[in-house]
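This report walks through selected side chains of one protein chain, looking at their surroundings and their partners. Please keep the sequence and the structure at hand while reading.

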Amino acid sequence: MSEMKTEAQARQEILDMVADYCRTYHKKKEYEKGDRIPYASRVYDEAEMVNLVDSSLEFWLTAGRYTDEFEAKLAAYLGVPYACLVNSGSSANLLAFMTLTSPLLGDRRVRPGDEVITVAAGFPTTVTPIIQYGAVPVFVDVTIPEYNIDVTMLEKALSDKTKAVMLAHTLGMPFDVAAVKAFCDKHNLWLVEDNCDALGSEVLVDGKLQKTGTVGDLGTSSFYPPHHMTMGEGGAVYTKNPLLSKIMRSMRDWGRDCVCRSGQDNRCNHRFDGQYGELPRGYDHKYVYSHFGYNLKATDMQAAVGCAQIEKFPSFVERRRHNFAYLYEKLKGAEDKLILPKALDGSNPSWFGFMVTCKEGVDREKVVPTIESKGVQTRMLFAGNLTRHPCFDEMRASGKGYRVVGDLKNTDEIMRRTFWVGVYPGMTDAMLDTMAEVILEALNA
């Protein structure tokens, strides 16, 4: 009879087999002319799969050691002291906004009826938490070809109800964070950077390059498969502010006052001797709630994948930059038909996609289906103009619930004329060559 393996030996044997399985059966097929080219795809190897199975063998399931490791690595990459893993980028935006509603912030807290300056050109979950809480989004226009907020509209959007600015960096292109931050500082406003499409981008602030998501009071990320790195579903909120960190962790974890990790008891050694609200003295601190919170935690299996991804992440960013520059060179000759993207001066984008706007006389509704028919996947700039969607029908009819300052002329132009293709790090030069050929053919059809 063979000798019984130890648990560590059995686990290592399983993980070695998983690595071999991944290398054998998940080997990426080399691109061949005629293959469909998606706008995004996962880029991974055996490291992610081994971590995933390693976590599953522990069967802890909820947040655990891999979560702690990922939060520490993400914070270190960004250069901030606090990062909080959540279950999606949309949850990250929800958590970031709701953090600003905490009573612990005193007069600066956002209350129902207060206003938050933002844009309508983008993804809805930057705006959804504002509306669902009962605050009022104030929409201003964007610029083309930067596709970010027109900062000249900030002062016009300001009112005595303004409490915050919440904006996304569009497809990796940083908005003018320096100008927006100066505006927020001048008027004592919170700044939330939705960094879900721009992780790894850098922007010039106070004479030095800083990572997007770290200049404002709170930054958010998404780790959905098409994003800069993935853990399947997942997101994060990060900050330099210890009070905001305390609030966001409370709200992520049911709103509880206790700071114990999952499975931990009595970290503060005062579990049964405190006085909270009108509860009996000594009420179990693990069940004291200082906020109306949620359970937005990710699983440790998601975090395990993220721990492998973040090791590769710098190379992902470099490849995205290469792919963007390569495609730009290929499409420069089409500037009579397309407006090519332009990054903010002094910024260093981690490109999420390559966005173009069709010039007058070029019909996007013909160009895009032609590109798609030839196997190249395209996307719109998400909502285009969010205020024109069915979810705004009731508010639009009543004239209540949001404000528009000026017009949204460029936002509407983006809705009608703009589309984008991917530059994800798994793309090869051969794929980019095909994409460029297909786009040029579609423009000349």
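## Cysteines

Cys391 has a relative accessible area of 56%, and because the threshold for an exposed residue is over 50%, Cys391 counts as exposed. The model discussed here is a predicted one, and the statements below should be read with that in mind.

Does Cys184, by contrast, count as buried or exposed? With a relative accessibility of 1%, Cys184 is classed as buried. The search for disulfides returns a count of zero. For Cys184, the nearest cysteine sulfur belongs to Cys196 and lies 18 Å away, and Cys184 is in no disulfide. Cys391 is likewise in no disulfide, and for this residue too the nearest cysteine sulfur is that of Cys196, at 18 Å. A disulfide is a covalent bond that joins the sulfur atoms of two cysteines.

## Salt bridges

Side chains that carry opposite charges can pair when their charged atoms come close. In this model the count of salt bridges comes to 36. One of them joins Arg11 and Asp54, with a nitrogen-to-oxygen distance of 2.4 Å. Arg11 belongs to helix H1 (residues 7-25) and Asp54 to helix H2 (residues 46-58), so that this contact links distant parts of the chain, 43 residues apart. Arg11 counts as buried at 16% relative accessibility, and Asp54 is also buried, with a relative accessible area of 9%. Salt bridges with shared partners join Arg11 and Asp54 with Glu7, Glu58 and Arg65 into one network.

A further salt bridge is formed by Lys312 and Asp45, whose closest N and O atoms are 3.0 Å apart. Because Lys312 lies in helix H9 whereas Asp45 lies in the loop between H1 and H2, this pair ties together parts that are 267 residues apart in sequence. Lys312 is buried, with a relative accessible area of 17%, while Asp45 is partly exposed at 29%. Asp253 and Arg252 form another salt bridge, with 2.8 Å between the closest N and O atoms; Asp253 is buried at a relative accessible area of 9%, and Arg252 counts as buried at 4% relative accessibility.

## Helix H4

How many of the 11 residues of helix H4 are buried? The helix covers residues 89-99, and 10 of its 11 residues are buried, so H4 is largely enclosed by the rest of the structure. Among the buried residues are the nonpolar side chains of Leu94, Leu95, Phe97 and Met98, and the buried set also includes Ser91, Asn93 and Thr99.

The N-terminal end of H4 is capped by Ser88, which places a side-chain oxygen 3.3 Å from the backbone nitrogen of Ser90.

## Aromatic residues

Across the whole structure, 15 aromatic pairs are found. One of these pairs brings Phe139 and Tyr402 together in an edge-to-face arrangement, with 6.0 Å from centre to centre and 65 degrees between the planes. Phe139 sits in strand E3 (residues 136-140), whereas Tyr402 is in the loop between helix H11 (393-398) and strand E12 (403-404), and the pair thereby links distant parts of the chain that are 263 residues apart. Phe139 and Tyr402 are both buried. Elsewhere, ring pairs link Tyr39, Phe123, Phe352, Phe382 and Trp420 into a cluster.

Tyr21, found in helix H1, is partly exposed, with a relative accessible area of 42%. Tyr21 and Met49 are 28 residues apart in sequence, and their C-alpha atoms are 9.4 Å apart in space.

## A nonpolar surface patch

On the surface, Trp254, Leu279, Tyr283, Tyr287 and Tyr289 form a nonpolar patch, and together these residues have about 520 Å² of accessible area. Tyr283, one of the members of this patch, lies in the loop between helix H8 (242-252) and helix H9 (300-331). Its relative accessibility of 37% means that Tyr283 counts as partly exposed.

Key
Residues numbered from 1 in each chain as written. Predicted model: local features only at pLDDT ≥ 70, side-chain atom pairs only at ≥ 80, totals over all residues. Heavy atoms only, no water. Patch = residues over 30% accessible without salt bridge, like charges linked within 9 Å, V, L, I, M, F, W, Y side chains within 5 Å. Areas by Shrake-Rupley, 256 points an atom, 1.4 Å probe, with all protein chains shown as cover. Salt bridge = Lys/Arg side-chain N within 4 Å of Asp/Glu carboxyl O. Helix = DSSP H or I, 4+ residues; strand = E, 2+ residues; numbered from the N terminus. Buried < 20%, exposed > 50% of the residue type's maximum accessible area, 1.4 Å probe, protein only. Polar contact = N/O pair within 3.5 Å; in protein donor to acceptor, adjacent residues only side chain to side chain. Disulfide = S-S within 2.5 Å. Phe/Tyr/Trp six-rings, centres within 6.5 Å; stacked < 30°, edge-to-face > 60°.
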